[in-house]
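Visitor: I'm more at home with gels than with ribbon diagrams. Could you walk me through how to read one?

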Amino acid sequence: MDQLLIRGGRSLQGEVRISGAKNAALPQLFAALLTAEPVRLGNVPHLKDTQTALKLLRSMGVQAQQDAARADEVLLDASDVANPVAPYDLVKTMRASILALGPLLARFGTATVSLPGGCAIGSRPVDQHIKGLQAMGAQIVVEHGNIVAQAPGGRLKGARITTDMITVTGTENLLMAATLAEGETVLENAAQEPEVTDLAEMLVKMGAKIEGIGTGRLRITGVERLHAPTGGHRTIPDRIETGTFLCAVLATGGDVTLRDTCIHHLDALVDKLREAGADITSGDDWIRVRASARPKAVGFRTSEYPAFPTDMQAQFMAVNAVAEGAARITETIFENRFMHVDEMKRLGANIEVDGHTAVVQGVERLSGARVMATDLRASASLVIAGLVAQGETVVDRIYHLDRGYDRMEVKLRALGADIERIAGAADRGDA
């Protein structure tokens with residue numbers, strides 16, 4: 001497996017371009033199943049997860065081509081879907097494959113999608129997806145590890161749906177399904193993340209009728225068919241990649257301008273970064289962050305958007321690990337999202353965990369060591385910790401990192417970091 005070798009102690013300087021948002025691109029790729037017309041998407045990040053989604057769509061009969069001149073452009077043609085099935089061998093590598101369920105059922109009246117199974121950071125059940133589709137008239141059985149769904153008469157029916165919890169993929173799945181359902185669907189307790197809003201705006205370009213975009217209550221009037229998004233659609237910038245680079249600069253010091261991004265998707269995080277000592281300015285599509293002193297420890301509590309994102313908890317913990325003072329971090333979304341703590345301790349971090357709370361006592365310096373990534377955002381936090389640690393840090397199992405970050409080591413090296421990928425290195429093998 002590939003590793004990252006980091007020689008820490010360098011500040012970051014320069015400019016970096018932020019890629020398209022993984023969590024926006026994935027539902028948009030599956031939204032192409034809703035129409036027989038070719039769908040063109042731009043700013044699609046080149047990640048392991050997006051490649052898995054394209055492989056899954058191709059297995060169904062979708063023609064998926066990436067532009068030779070622009071690698072971030074994808075053309076999808078779902079006019080000849082012959083196999084509305086998402087098999088386990090692909091679903092097991094990417095939980096977002098569940099997003100095929102709503103579009104397939106809405107357009108074709110049938111779908112078989114393998115259950116995603118467990119996840120290292122905690123349970124993310126799909127029962128809310130199933131409950132919502134059943135409210136829309138779907139007949140669903142779970143057998144042999146598969147969700148087998150049918151729409152009687154070939155079309156779903158509009159319904160009022162209130163999910164038991166706020167669920168991003170659940171909102172996206174039900175939103176896509178409702179666009180082709182007969183009558184009106186109201187989604188209460190809908191997720192409000194920018195990625196959900198971006199999907200809704202793409203669907204409107206395809207002819208969907210959606211009210212309440214960006215709020216917790218979506219009203220969808222179903223139409224008989226959708227068309228390709230007028231003028232194509234460009235995926236929004238990745239706010240989590242943006243936040244990761246902001247944290248890296250604050251931890252290491254430096255002066256970096258992030259291009260092709262949007263500060264308005266990160267209000268809660270930016271407030272905390274400023275509180276910790278970052279000097280942040282911004283424009284319509286750029287953010288500049290400057291850090292010249294040791295950060296101050298800042299506590300926070302993760303919650304649904306627009307509050308502090310759980311996907312930034314680990315990266316900010318890396319900042320607190322070298323900050324002045326102590327901070328309390330409370331994780332409210334996933335029960336196992338402190339798995340990176342033991343690895344940070346190997347680098348010298350002083351962190352104590354009690355249930356859903358971690359107390360981080362900042363230390364003046366971390367020391368390089370060999371560590372192992374346990375999930376996507378944990379891997380990013382270990383990279384940040386390695387950048388600030390003295391000596392060499394080796395991060396194992398960076399296939400997690402490749403799921404959500406487009407060539408992170410290349411971007412960091414362009415900013416002055418001493419970081420390199422070691423291809424095919426042996427895994428640490430102690431977990």
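Visitor: Let's begin with the basics: how many helices and strands does the protein chain have?

Guide: Keep in mind that this is a predicted model. The chain's secondary structure adds up to 14 helices and 24 strands.

Visitor: And how do I judge whether the chain is as compact as a globular protein of that length?

Guide: You set its radius of gyration beside what the globule rule gives. Here the radius is 22 Å, close to the 22 Å from the rule for 431 residues, so the chain is as compact as a globular protein of that length. Along the principal axes, the C-alpha atoms fill a box of roughly 65 × 45 × 40 Å.

Visitor: What percentage of the residues count as buried?

Guide: A residue is called buried when its relative accessible area is under 20%. In this chain, 57% of the 431 residues count as buried. The chain exposes about 16,300 Å², and carbon and sulfur atoms supply 47% of that.

Visitor: What about contacts between residues at least 6 apart in sequence: what share joins residues at least 24 apart?

Guide: That share is 75%.

Visitor: Now the sheets. What order do the strands take in the open sheet with strand 10?

Guide: For an open sheet, read the order across and then look at the two ends. This one has 4 strands in the order 10-11-13-12, and the pairing is mixed. Strand 10 (160–162) and strand 12 (209–211) are the edges; each has a single partner strand, so one side of each has no neighbour in the sheet. On average, neighbouring strands here are turned by 15° against each other, direction ignored.

Visitor: Do strands 10 and 11 pair in the parallel or the antiparallel sense, and over how many bridges?

Guide: Strand 10 pairs with strand 11 (residues 184–188) in the parallel sense, over 3 bridges. To find one of them, go to Thr 162, whose bridge partner in strand 11 is Glu 188. Then look for helix 6 (residues 168–179), which packs on this sheet and touches strands 10, 11, 12 and 13 (217–221). The direction of helix 6 makes about 25° with that of strand 13.

Visitor: Which strands are at the edges of the sheet with the order 4-5-3-14?

Guide: That open sheet has 4 strands with mixed pairing, and its edge strands are strand 4 (63–66) and strand 14 (233–234), each pairing on one side only. Strand 14 pairs with strand 3 (residues 39–42) in the parallel sense over 2 bridges, and Gly 42 stands opposite Arg 234 in strand 14. Helix 2 (residues 48–60) lies across strand 4 and strand 5 (74–77), at about 145° to strand 4.

Visitor: Where does UniProt place the feature "binding site"?

Guide: An unreviewed UniProt entry puts it at Lys 22 and Asn 23. Treat that as an annotation, which may be inferred rather than shown by experiment.

Visitor: Is Lys 22 buried or exposed?

Guide: Lys 22 is in helix 1 (residues 22–31). Its relative accessibility is 6%, so Lys 22 counts as buried. Beyond residues up to four places away in sequence, Lys 22 touches several others, including Asp 49, Asp 238, Arg 377 and Arg 403.

Visitor: And what does Asn 23 contact, leaving aside its neighbours within four places in sequence?

Guide: Asn 23 contacts Glu 172, Glu 195, Asp 311 and Arg 377. Asn 23 is in helix 1 as well, and at 29% relative accessibility it counts as partly exposed.

Note on methods: Residues are numbered from 1 along each chain as its sequence is written. This is a predicted model: local features need pLDDT of at least 70, side-chain atom pairs count only at pLDDT 80 or more; totals for chains, interfaces and linings use all residues. Side-chain values use heavy atoms; hydrogens and water are left out. Two strands pair if DSSP finds at least two bridges between them. Axes are lines fitted to C-alpha atoms, for helices over the stretch in contact, and angles run from 0 to 180 degrees between N-to-C directions. Contact means heavy atoms within 4.5 Å. Buried means under 20% relative accessible area, exposed over 50%, partly exposed in between (1.4 Å probe, protein chains only). The radius of gyration is taken over C-alpha atoms; the globule rule is 2.2 Å times the number of residues to the power 0.38. Accessible areas come from the Shrake-Rupley method with a 1.4 Å probe; for residues, only the protein chains shown count as cover.
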